[in-house]
Amino acid sequence: PDLVRFSKQKHSVWVQWWFDLLAVNYPDPLEQHPRFAWISQLLRAMDAVFVKERPLLSEYRSHEINAHYLDQGCPANIKQAPDLPKLWDVLLFGQGGEYYRQRAADIQSLVGAGLKVAWAGHSAQGCESLPWTHPDELPSLCGQARFVLCVDRRHDIDGYFSDRFWLACGMGCAVVKRFSPGVPAGPYRSYGTQEELTRIVLGMTNEESREMGKRARAWVMQSHTIEHRVQSLLSAVPSVTALAL
């Protein structure tokens, strides 16, 4: 709240970069989203705001918010996942609960196909439940699985997907991701149904998944690190803030 008050006397360009979903109740209007209700004054105080919901830029602007799209990325110094003995066919790291029913359903479909599955950060019937893992320890954990599964809170907003995807690719994991619009094409596999997910996991050898992971890490380090995104932000700021100033 103090930022809003101080913004009235600011002498520099103020920019915010939002890493996560604000429009949690999409496709409801923005003013009906709980996060937007308490953060909108702060967003208006900024000269530019970078958000994850590409289809909603005009709606943000209708609320006098100078919004622009910018994706997340992977830290350039993230460690590579070591090639360890494979304890699981598929690993997922992240929370569960009411908002992640798709995540739980996809996990259960893999378990039902007889695959060895682990979930770090949540417990689910039939898979090995692991504790929450600090990001610094994720490479060692992911190195023990043939694939890392990425299933987000929702998959119907162009441009929105968790940075879990970039972290997993950046660590050199073989990533299987539920399809989301706006994800750049790259060395990973996407699926739209649980049958497709199972076929992907069963249809690739350890060597093929290992090679896909190596390509994924090279792809991220070349073009999709947080450092790359910051350069994009800095390049965009003069033009996008001119619209507000």
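Modeller: A residue counts as buried when its relative accessible area is under 20%, as exposed when it is over 50%, and as partly exposed in between, with a 1.4 Å probe and protein chains only. Everything here rests on a predicted model, in which local features need pLDDT of at least 70 and side-chain atom pairs count only at pLDDT 80 or more, while totals for chains, interfaces and linings use all residues. Residues are numbered from 1 along each chain as its sequence is written, and side-chain values use heavy atoms, with hydrogens and water left out.

Colleague: Which residues of helix α2 are called buried, and what covers them?

Modeller: In helix α2, residues 34-45, those that meet the definition are Phe36, Ile39, Ser40, Leu42, Leu43 and Ala45. Their cover includes α1 (2-7), β1 (15-17), β2 (48-51) and α3 (57-62), where contact means heavy atoms within 4.5 Å.

Colleague: What makes the protein chain as compact as a globular protein of its length?

Modeller: The secondary structure comes to nine helices and nine strands, these being DSSP runs numbered from the N terminus (helices H or I, at least four residues; strands E, at least two). The radius of gyration, taken over C-alpha atoms, is set against a globule rule of 2.2 Å times the number of residues to the power 0.38. The chain has 20 Å, close to the 18 Å that the rule gives for 245 residues, so it is as compact as a globular protein of that length. Of those 245 residues, 50% count as buried.

Colleague: How do you know that strands β4 and β5 pair?

Modeller: Two strands pair if DSSP finds at least two bridges between them, and four bridges join β4 (residues 88-93) to β5, the two running parallel, so the condition is met. Leu92, for example, has Trp119 in β5 as its bridge partner. From β4 the chain crosses through helix α4 (residues 101-112) to β5 in a right-handed β-α-β crossover, a name used if, with the strands pointing away from the viewer, the path from the first strand over the helix to the second runs clockwise.

Colleague: What lies on the two faces of β5, and which strand does β5 pair with through Trp119 and Ser129?

Modeller: Val117 and Trp119 point one way from β5 (residues 117-120), Ala118 and Ala120 point the other way, and all are buried. β5 pairs in the parallel sense with β6 (residues 128-130) over three bridges, and there Ser129 is the bridge partner of Trp119.
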